[in-house]
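Please work through the exercises below with the model open beside the text. Each task is followed by a solution that proceeds step by step.

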Amino acid sequence: MKNRKISSEGETSSRSPQGWLMRLKVFLQKTIFGRRHHFVQESEEMEEDVSGNPFLPKLRNIIEQVLPMYQMSYKEFRPLLIDTDTPPESLLDEDPVAVVLEQISLDLNFLRIATDRPAYFADYIERMYEESGLVVQTEPKGQEILEDVNVILDMEQQSEISRCYMREETLYIPVFKRRWIRLEPLQNLDISIPIGYNTVIVKGIS
């Protein structure tokens, strides 16, 4: 009888308002801690991913979504590509600039490249002229941005963002200098990317 009484008291205690509040508190602590732990773990993994730019292979798709936001078509896309300041140390490593050029070249009507290694682009420039008649121009880095440029693709990683790139009429896209944020961990990604001083949301990058 005594044991039964204890069991009854314990059952009554768990059903009392105080008992339910205690159980709810424990549940919430576990849930919040679990979610926080998952968020921290996911953030750490993302930090590792963005040492480069994990969205680089999707850049063409992203550009095609960004341009209409600024009343611009791909035919009107007139980029200045600022060459990387950290070229691959080995010929076996993929150059991110080559990845970008391979994506944006189709249907491109204008391209200027600011670079300290013009010889690197000689084969690409020749191929573009033979395949599409496009005359790709190169220039040294640090020159004044000409009026015929309406988008800047900055491929540098280590230098600071130059104020001369921040012109009201020119879209400045830092590929590495500012973080591109994944908004949803889904197959079709929503991405927040920096454009000049602002950010834009690009949806459904598959």
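**Exercise 1: Pairing in the sheet**

In this predicted model, strand E2 (residues 112–114) pairs with E3 in the parallel sense, over 3 bridges. Starting from this pair, identify the bridge partner of alanine 114 in E3, and then establish the order of the strands in the open sheet and which of them stand at its edges.

Solution. Begin with the single residue: alanine 114 has glutamate 139 of E3 as its bridge partner. Next, extend the view to the sheet, which is open and made of 5 strands in the order E3-E2-E1-E4-E5, with parallel pairing. Then examine the edges, where strand E3 (137–139) and strand E5 (171–174) each have a single partner strand, so that one side of each is left without a neighbour in the sheet. Finally, follow the twist, which averages 20° from one strand to the next.

**Exercise 2: A residue in an edge strand**

Determine whether leucine 171 is buried or exposed, and list the residues that it touches beyond four places away in sequence.

Solution. First, place the residue: leucine 171 lies in strand E5. Second, compare its relative accessible area of 8% with the cut-off for burial, which is under 20%; leucine 171 is therefore buried. Third, collect the contacts, leaving out residues up to four places away in sequence: leucine 171 touches Val66, Leu67, Tyr70, Met72, Asn150, Val151, Ile152 and Ile195. Fourth, consider leucine 153, which is 18 residues from leucine 171 in sequence and 8.6 Å from it in space, C-alpha to C-alpha.

**Exercise 3: Two helices that cross**

Describe how the axes of helix H3 (residues 59–69) and helix H4 (residues 96–104) are arranged, and state which residues make the contact.

Solution. Start from the geometry: the two axes of H3 and H4 come within 9 Å and cross at roughly 55°. Because this angle falls neither under 35 degrees nor in the range of 65 to 115, nor over 145, H3 is oblique to H4. The handedness comes next, and the crossing of H3 and H4 is right-handed. The contact itself is made by Leu59, Arg60 and Ile63 on the side of H3, and by Val100, Gln103 and Ile104 on the side of H4. Sorted by character, the residues of this contact comprise 4 nonpolar, 1 polar and 1 charged.

**Exercise 4: The whole chain**

How many helices and strands does the chain contain, and what share of its residues counts as buried?

Solution. The chain has 5 helices and 8 strands, and of its 206 residues 37% count as buried.

Note on methods
Residues are numbered from 1 along each chain as its sequence is written. This is a predicted model: local features need pLDDT of at least 70, side-chain atom pairs count only at pLDDT 80 or more; totals for chains, interfaces and linings use all residues. Side-chain values use heavy atoms; hydrogens and water are left out. Axes are lines fitted to C-alpha atoms, for helices over the stretch in contact, and angles run from 0 to 180 degrees between N-to-C directions. Helices (H or I, at least four residues) and strands (E, at least two) are DSSP runs, numbered from the N terminus. A crossing is left-handed if the near helix is turned anticlockwise from the far one by less than a right angle, and right-handed if clockwise. Contact means heavy atoms within 4.5 Å. Ala, Val, Leu, Ile, Met, Phe, Trp, Tyr, Cys and Pro count as nonpolar, Asp, Glu, Lys and Arg as charged, and the others, Gly among them, as polar. Two strands pair if DSSP finds at least two bridges between them. Buried means under 20% relative accessible area, exposed over 50%, partly exposed in between (1.4 Å probe, protein chains only).
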